[in-house]
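Here's a quick briefing for anyone about to look at the helix packing and the charged pairs in this one. Have the viewer open and follow along.

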Amino acid sequence: MATNQLTRDEPREREEFAGVLRFYELAKRQEWQVRDLPWGEVPPIPEGKGSPERRARRNDLWRSVLTQQLQADMLACDMSSQLLNIAPDPEARLYYSTMVQDESRHTEAWLRLVAEVGGITERDPHLDKLAHTTLEADTLEEKVFLMQVFYERLIISRFRLIARASRGTVLEDLCNRLATDDGIHHGAGMAYERVLLRNASKQTKRHLIAAANRLLPIFVDHALWRPRERAFVGGAMRARDVERLREDLENGVRLAASLGLDVSEVQLPLT
């Protein structure tokens with residue numbers, strides 16, 4: 001009799017959260033461990049050639065790449081933890097429990113990898129601004145929009161670029177895993193944002209566009225920023241980086257439109 005009572009009282013799955021729950025199940029199936037990376041089997045990062053000075057400079061370049069990604073995932077731990085704590089819907093909390101684990105695992109992997117190649121380098125000040133913009137946002141809709149709809153989507157292409165530039169290394173393996181994880185984070189964020197915006201007021205939607213306009217210039221500064229270890233390659237690659245970034249931002253605007261937002265007031269910094 002007790003079992004029957006529990007069955008009758010069990011809440012039915014809410015149809016509008018089906019997308020969020022699909023990504024929750026996918027996140028659990030895709031979970032991996034830091035020990036799964038090919039430590040000791042392949043080089044941690046691409047091995048330089050030429051004189052000792054040239055190899056050292058190349059190593060410093062990759063250390064700066066790793067440092068920036070470590071910084072990003074440490075900040076992502078804060079942001080995903082905040083989402084877990086403030087989301088009112090149990091389906092979203094289930095998903096964010098996996099996202100917190102993902103970001104913590106990513107941080108663990110970056111810490112180990114950067115330690116193997118000589119330690120951290122210069123911190124990106126624009127990345128800190130991006131994180132604080134999201135952490136200090138006024139509403140849940142804005143936090144999900146900034147963190148998952150925009151930022152998580154834009155970072156996927158960067159992981160793919162790093163992976164292509166680091167074939168046959170631990171870094172390539174890690175970036176491929178992170179591109180998959182962040183694709184899930186982005187998909188879940190899109191699914192949850194659709195639920196949040198279903199009955200949102202016009203004022204709430206306008207507030208999201210204003211938030212995007214505040215975020216985008218900072219994101220551009222972050223995407224184009226180069227520490228001193230990468231300054232010597234930054235100038236040569238800037239035109240290509242700008243073009244790629246413009247495409248990413250335009251894709252982000254299309255995603256915002258798919259959520260029912262009026263994107264006519266979005267101000268793209270690179271146009």
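What follows covers one helix pair and then a handful of salt bridges.

Bear in mind that this is a predicted model. Two things get a closer look: how helix 2 (residues 18–30) sits against helix 7 (residues 170–197), and some of the 12 salt bridges that a search of the whole structure turns up.

**Helix 2 against helix 7**

- The axes of helix 2 and helix 7 come within 8 Å and cross at roughly 165°.
- Angles over 145 degrees count as roughly antiparallel, and helix 2 and helix 7 are therefore roughly antiparallel to each other.
- As for handedness, helix 2 passes helix 7 in a left-handed crossing.
- On the helix 2 side, the contact is made by Gly19, Val20, Phe23, Leu26, Ala27 and Gln30. Facing them from helix 7 are Thr180, Ile184, Gly187, Ala188, Ala191 and Tyr192.
- Sorted by class, that contact has 8 nonpolar and 4 polar residues, with no charged ones.

**A salt bridge inside one helix**

- Asp60 and Arg63 pair up through their side chains in a salt bridge, at 2.8 Å from N to O.
- Both sit in helix 3 (residues 52–86), and because they are 3 residues apart, about one helical turn separates them.
- How do the two partners fare for exposure? Asp60 is partly exposed at 28% relative accessibility, while Arg63 is buried, with a relative accessible area of 15%.

**Salt bridges between helices**

- Asp181 and Arg105 form a salt bridge through their side chains, at 3.9 Å from N to O.
- Asp181 belongs to helix 7 and Arg105 to helix 4 (residues 90–116), so this pair ties together parts that are 76 residues apart in sequence.
- Buried or exposed? Both Asp181 and Arg105 are buried.
- Arg214 makes a salt bridge with Glu142, and their closest N and O atoms are 3.1 Å apart.
- Here Arg214 is in helix 8 (residues 202–224) and Glu142 in helix 6 (residues 140–165), so the pair links parts that are 72 residues apart in sequence.
- Arg214 is partly exposed, with 42% relative accessible area, whereas Glu142 is buried, with a relative accessible area of 2%.

**A small network**

- Arg14, Asp89 and Glu91 are joined into one network by salt bridges that share partners.

Note on methods:
Residues numbered from 1 in each chain as written. Predicted model: local features only at pLDDT ≥ 70, side-chain atom pairs only at ≥ 80, totals over all residues. Heavy atoms only, no water. Axes fitted to C-alpha atoms, helices over the stretch in contact; angles between N-to-C directions. Helix = DSSP H or I, 4+ residues; strand = E, 2+ residues; numbered from the N terminus. Parallel < 35°, antiparallel > 145°, perpendicular 65-115°, else oblique. Left-handed = near helix turned anticlockwise from the far one by under 90°. Contact = heavy atoms within 4.5 Å. Nonpolar A, V, L, I, M, F, W, Y, C, P; charged D, E, K, R; others polar. Salt bridge = Lys/Arg side-chain N within 4 Å of Asp/Glu carboxyl O. Buried < 20%, exposed > 50% of the residue type's maximum accessible area, 1.4 Å probe, protein only.
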